[in-house]
Each structure stands twice: as structure tokens, then as C-alpha cells.
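Reader: I am new to reading protein structures, and I would like to understand how descriptive words are justified. Could you show me the model and let me ask about them?

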Amino acid sequence: MTEEQKYDVVHEYDGWELRRYPEHLVAEVTVHGSFDEAVNRAFRTLAAFIFGDNVGKNKVAMTAPVLQEPSSEKIAMTAPVLHESSGQDHVVSFVMPSQYTMESLPQPTDGNVRIREVPQDMAAVRQFSGRSTEAKFAEQLSGLMSRLEEQPSLEVTGPPRYARFDPPWKPWFLRRNEVLVPVAHCNC
């Protein structure tokens, strides 16, 4: 069974949840391309890392979800990662199994794969089934943002993240996806 990223539900709302995610590690890569191409391009590189393309040639268990978000960092032009300011750069991440620390996780041999420690955070999350296309995520994000406007005590603190939980061979109508928006309590 695939390990899923841990979280605590802080509050359940109609159609979405407020969740607290603990500190965790991700292996991530930045890719250039359309939203729908990005996860496929990055998946090969990240899968190679967890299947043993790392110092020590150790396998790392696959976890869920695979996360995607727009890239906000400037990256030097190096193959195969290209940077343009067209909004076509995406960071795709695999959440690492919870037993690893920065010290115990095998280090990647591919310089495009970065290991990053993500601090504890809170997010508003809307879950949906079906295809994980840019249009579907945009539709779900719009609905979630409308709900967040009804919660003046929550302030959006960063760009949305898109989560895919299922392998591509799972029938599309059974796939689980989520859109996550980082938030914080504010004194509004």
C-alpha cells in the first residue's frame, strides 16, 4: 500500500477542509512546459531518483500525492530545465516517506532533483475525482477560492498546489485529486 502524506483536519467546511500538514521532505524538479505536460516530464526524473538513481543506489518507496505548483524561482538555463518568464515553469514534487530525514534520505545524483524540507503549514483543500487537467484544477481552484472569500479569518499565503494521488492506469473516474491553497489565520 502506498503511504500518503499525513495531515490533521483542523475544520471541515461544506465542500472543503482546513488541514495542518506536518514538516516533511520532498524531492522536486522544475520543468518547463504546459501544465498538463509538466507532471509527465518531471515524473520520469523523480521516478529515476526513487528507483535508485541516487548516491547509494537505494530504492525509496513511492508515496502519494504527486504535487505540482507554479515555479516562482529563477533558474539558470541548463538542460533539461529551461526558464522563461512565460508562466510555463512548474515545480513537481514527490513527498518522501515519513521515516526519512535530510540526513537519512539518499542524495540524488541528477543535479535537477532537489531535496527540500517543507515546514509545517496549513492549507485549504478541495478534493475531487476525475481527470487532473489544468482546466479541471482551475475549476476546482475557483470554487475553493470562492469559499475562502467567505472566511475572513483565513489569509491566502502562497500559490496553489495541485495533488494527484493515483497512477495513470487507474480509470479516470476513480482518480483522486486535490487543490490546496496555503493559508494562515489572520486578525482581520
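Author: What follows is a conversation about ring pairs, strands and surface exposure in this predicted model.

Reader: How many aromatic pairs does the structure hold, and why is the pair of Y7 and Y21 called tilted?

Author: The structure holds 8 aromatic pairs. For Y7 and Y21 the ring centres are 5.5 Å apart, and centres within 6.5 Å are what a pair requires. Their planes stand at 50°, whereas stacked needs under 30 degrees and edge-to-face needs over 60, so the pair of Y7 and Y21 is tilted.

Reader: What makes this a pair that links distant parts of the chain?

Author: Y7 belongs to the loop between β1 and β2, while Y21 belongs to strand β3, and the two are 14 residues apart.

Reader: How do you know whether Y7 and Y21 are buried or exposed?

Author: The relative accessible area of Y21 is 3%, and buried means under 20%, so Y21 is buried. Y7 has a relative accessible area of 30%, a value to be set against the limits of 20% and 50%, and Y7 is therefore partly exposed.

Reader: What lies over the face of Y7?

Author: R19 does, at 3.9 Å from the ring centre, where the distance limit for a charge over a ring is 6 Å. In another part of the model, R176 lies over the face of F165, at 3.7 Å from the ring centre.

Reader: Why is the pair of F128 and F137 called edge-to-face?

Author: The ring centres of F128 and F137 are 5.3 Å apart and their planes are at 80°; because edge-to-face asks for over 60 degrees, the pair earns that name. Both F128 and F137 are buried, and ring pairs link them with F35 and Y162 into a cluster.

Reader: How do you know that β2 and β3 pair?

Author: Pairing asks for at least two bridges, and β2 and β3 have 5, in the antiparallel sense. Across this pairing, D8 stands opposite R20 in β3. The hairpin of β2 and β3 has 2 residues between the strands, and G15 takes a positive phi near 90° there.

Reader: What makes F173 count as exposed?

Author: Its relative accessibility is 51%, and exposed means over 50%, so F173 counts as exposed. F173 is placed in the loop between β11 and β12. Together with W172 and L174, F173 forms a nonpolar patch on the surface, and the three have about 340 Å² of accessible area together.

Terms used. Residues are numbered from 1 along each chain as its sequence is written. This is a predicted model: local features need pLDDT of at least 70, side-chain atom pairs count only at pLDDT 80 or more; totals for chains, interfaces and linings use all residues. Side-chain values use heavy atoms; hydrogens and water are left out. Rings of Phe, Tyr and Trp (its six-membered ring) pair if their centres lie within 6.5 Å; planes under 30 degrees apart count as stacked, over 60 as edge-to-face and the rest as tilted. Helices (H or I, at least four residues) and strands (E, at least two) are DSSP runs, numbered from the N terminus. Buried means under 20% relative accessible area, exposed over 50%, partly exposed in between (1.4 Å probe, protein chains only). A charge sits over a ring if NZ of Lys or CZ of Arg is within 6 Å of the ring centre and within 35 degrees of the ring normal. Patches are made of residues with over 30% relative accessible area and no salt bridge: like charges are joined within 9 Å, nonpolar side chains (Val, Leu, Ile, Met, Phe, Trp, Tyr) within 5 Å. Accessible areas come from the Shrake-Rupley method with a 1.4 Å probe; for residues, only the protein chains shown count as cover. A salt bridge is a side-chain nitrogen of Lys or Arg within 4 Å of a carboxyl oxygen of Asp or Glu.
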